[in-house]
Amino acid sequence: MLRFIAGRLIVVLSVGLTLSIVTFFLLNYVIDPAQAIAGEDALFEEIEQIREQYGFDRSITVRYFEWFTGIFQGDLGESYYWNKPVISLLVDRAPETITLALMSVSVTILISIPLGIMAALNPNSLIDRIALGIAVTAQAVPNFWLGLIMILIFALAFPIFPVSGDKTLFHFVLPSIVLGASSVPAVMRLMRTGLLDVINSDYIRTARSSGFYGWRLIFNHALRNALLPVVSVLAVQLGNKFGGSVITESVFAINGLGRLALESILGADIPTVQILVFVFAFTLSPSPFDSNIKVLSLTSSCFSLPISISPLIK
C-alpha cells in the first residue's frame, strides 16, 4: 500500500513539474514581462530599464530555476499587477474559494443523493425518468447562463438573495447552487447504479426474508454500502470545485482564486498566473489517495456484508 501511494505521489509531482515548466516557458514567450509591467504606452528606454531591474534580461532557464527553487523556500514571487507578494494574494483569496467549494459539494449531496435513491427505488418508472431528466439538464446547462438566470429570478425579480459579493454565507447560496449543479449528474447516476446493485444482492434478499422492509432496510443495510463509491467521487468533485470556480466567481463577483486567475490573466500578471495554474493543476489532478479510497471502499463493503447480515441471523 505504501509503495502504491509513493508511486502515485511521484506521478502527481512529475505532472506538477512538467506543467510548471510548460506554463513558465509559454507565459514568458507569449508575453513580454517588461512590456506588461511598463504598460502599452511606455517608451523603449523605460521597458529596457524594467527588464534590467527585474532580471528579465537573463536567460529563461536561469529565471525558471530561480522561480522553482523559490517555491520551496516559500517565495512565490511578486505580483506585477497587484504589487503584492503572490503568497499574500493566495492567503487572502483562498477562504472564499474554499467556502464556495464546500458549499457547492453540499448542494451536490443534497440534490443528487435523494434523486439517486428515488430513481433506484423506482427503476424504469416516471420518477426514474424525471430524476434522470433533471440530471441531464443540470449537466447540459452552462454555469454562466444558470448563474445569470438565478440572479434574475432570485436576486432581482424576487430579492431573496444578494446579487453578488462574498461578505456573508448568504452571498454564497446562489453561486453554490450554480457550481454544485454541474456535479449532480455524475453523483446521482452513481448513487442510482450502486443502490440498484446493492438492492439486488444476496444479503438484501436475506434481510427481506427476515422481515426487514421499506426505509429501515434501505437506510440500515443498503444505503451505507451503496454510498462507499459515492464518497470517492465526491472527494474528486471537491478538488474540481477548487479549480473550476473561475466562471462562477466572476459572475457573482466573489473575490476568490478563480476571479484572481481571470484578473491576473487580463492584467498579464505572469507570477500570479504561474502559481494559480500550479495550484489548480494539483487540485484537478488525480490525488494519490483516490484509487486507495476506491480500494478501501470495496474492502469495507466486503467486510460490512457480514456486519449487516449478522443481526439478521441472530
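## Loop residues, helix packing and salt bridges in a predicted all-residue model

Asn-83 is exposed, with a relative accessible area of 60%. In this predicted model, Asn-83 belongs to the loop between helix H4 (60-72) and H5. Its phi is positive, at about 55°, although Asn-83 is not a glycine. Most residues other than glycine have a negative phi. A second asparagine, Asn-124, has a phi near 60°, again a positive value in a residue other than glycine. Asn-124 is located in the loop between H5 and H6 and, at 60% relative accessibility, counts as exposed. A positive phi, near 55°, is also found for Ala-268, which follows H13.

The protein contains 15 helices and zero strands. Of its 314 residues, 42% are buried. Among contacts between residues at least 6 apart in sequence, 74% join residues at least 24 apart.

Helix H5 (residues 86-121) takes part in two of the helix packings described here, with H8 and with H6. H5 and helix H8 (residues 173-181) pack at an angle of about 60°, and their axes are 8 Å apart. An angle of 65 to 115 degrees would count as roughly perpendicular and one under 35 as roughly parallel; H5 and H8 are therefore oblique to each other. The crossing of H8 by H5 is right-handed. On the H5 side, the contact is made by Leu-100, Met-103, Ser-104, Val-107 and Thr-108. H8 contributes Val-173, Pro-175, Ser-176, Ile-177, Leu-179 and Gly-180. By class, seven residues of this contact are nonpolar, four are polar and none is charged.

The axes of H5 and helix H6 (residues 126-140) come within 8 Å and cross at roughly 145°. This crossing of H5 and H6 is left-handed. Leu-115, Met-118 and Ala-119 of H5 meet Ile-127, Asp-128, Ala-131 and Ile-134 of H6. The contact of H5 with H6 comprises six nonpolar residues, no polar residues and one charged residue.

Ser-112 is also placed in helix H5. At 0% relative accessibility, Ser-112 counts as buried. Apart from neighbours within four places in sequence, Ser-112 is in contact with Val-184, Val-187 and Met-188.

The count of salt bridges comes to seven. One of them joins Glu-263 and Arg-93, whose side chains meet with an N to O distance of 3.4 Å. Glu-263 lies in helix H13 (residues 257-266) and Arg-93 in helix H5, so this salt bridge ties together parts that are 170 residues apart in sequence. Both partners fall under the 20% limit for burial: Glu-263 counts as buried at 19% relative accessibility, and Arg-93 counts as buried at 11%. Within H13, the buried residues include Glu-263 together with Leu-257, Gly-258, Leu-260, Ala-261 and Ser-264.

A further salt bridge is formed by Arg-51 with Asp-32, the closest N and O atoms being 3.1 Å apart. Arg-51 is in helix H3 (residues 44-54), whereas Asp-32 is in the loop between helix H1 (2-30) and helix H2 (33-38). The two residues are 19 residues apart, and the pair links distant parts of the chain. Arg-51 counts as buried at 18% relative accessibility, while Asp-32 is partly exposed, with a relative accessible area of 30%. Arg-51 and Asp-32 also belong, with Glu-48, to a network of salt bridges.

The side chains of Arg-58 and Glu-66 likewise meet in a salt bridge, with an N to O distance of 2.7 Å. Arg-58 is partly exposed, with a relative accessible area of 35%. Glu-66 counts as partly exposed at 46% relative accessibility.

Definitions and conventions. Residues are numbered from 1 along each chain as its sequence is written. This is a predicted model: local features need pLDDT of at least 70, side-chain atom pairs count only at pLDDT 80 or more; totals for chains, interfaces and linings use all residues. Side-chain values use heavy atoms; hydrogens and water are left out. Axes are lines fitted to C-alpha atoms, for helices over the stretch in contact, and angles run from 0 to 180 degrees between N-to-C directions. Helices (H or I, at least four residues) and strands (E, at least two) are DSSP runs, numbered from the N terminus. Angles under 35 degrees count as roughly parallel, over 145 as roughly antiparallel, 65 to 115 as roughly perpendicular and the rest as oblique. A crossing is left-handed if the near helix is turned anticlockwise from the far one by less than a right angle, and right-handed if clockwise. Contact means heavy atoms within 4.5 Å. Ala, Val, Leu, Ile, Met, Phe, Trp, Tyr, Cys and Pro count as nonpolar, Asp, Glu, Lys and Arg as charged, and the others, Gly among them, as polar. A salt bridge is a side-chain nitrogen of Lys or Arg within 4 Å of a carboxyl oxygen of Asp or Glu. Buried means under 20% relative accessible area, exposed over 50%, partly exposed in between (1.4 Å probe, protein chains only).
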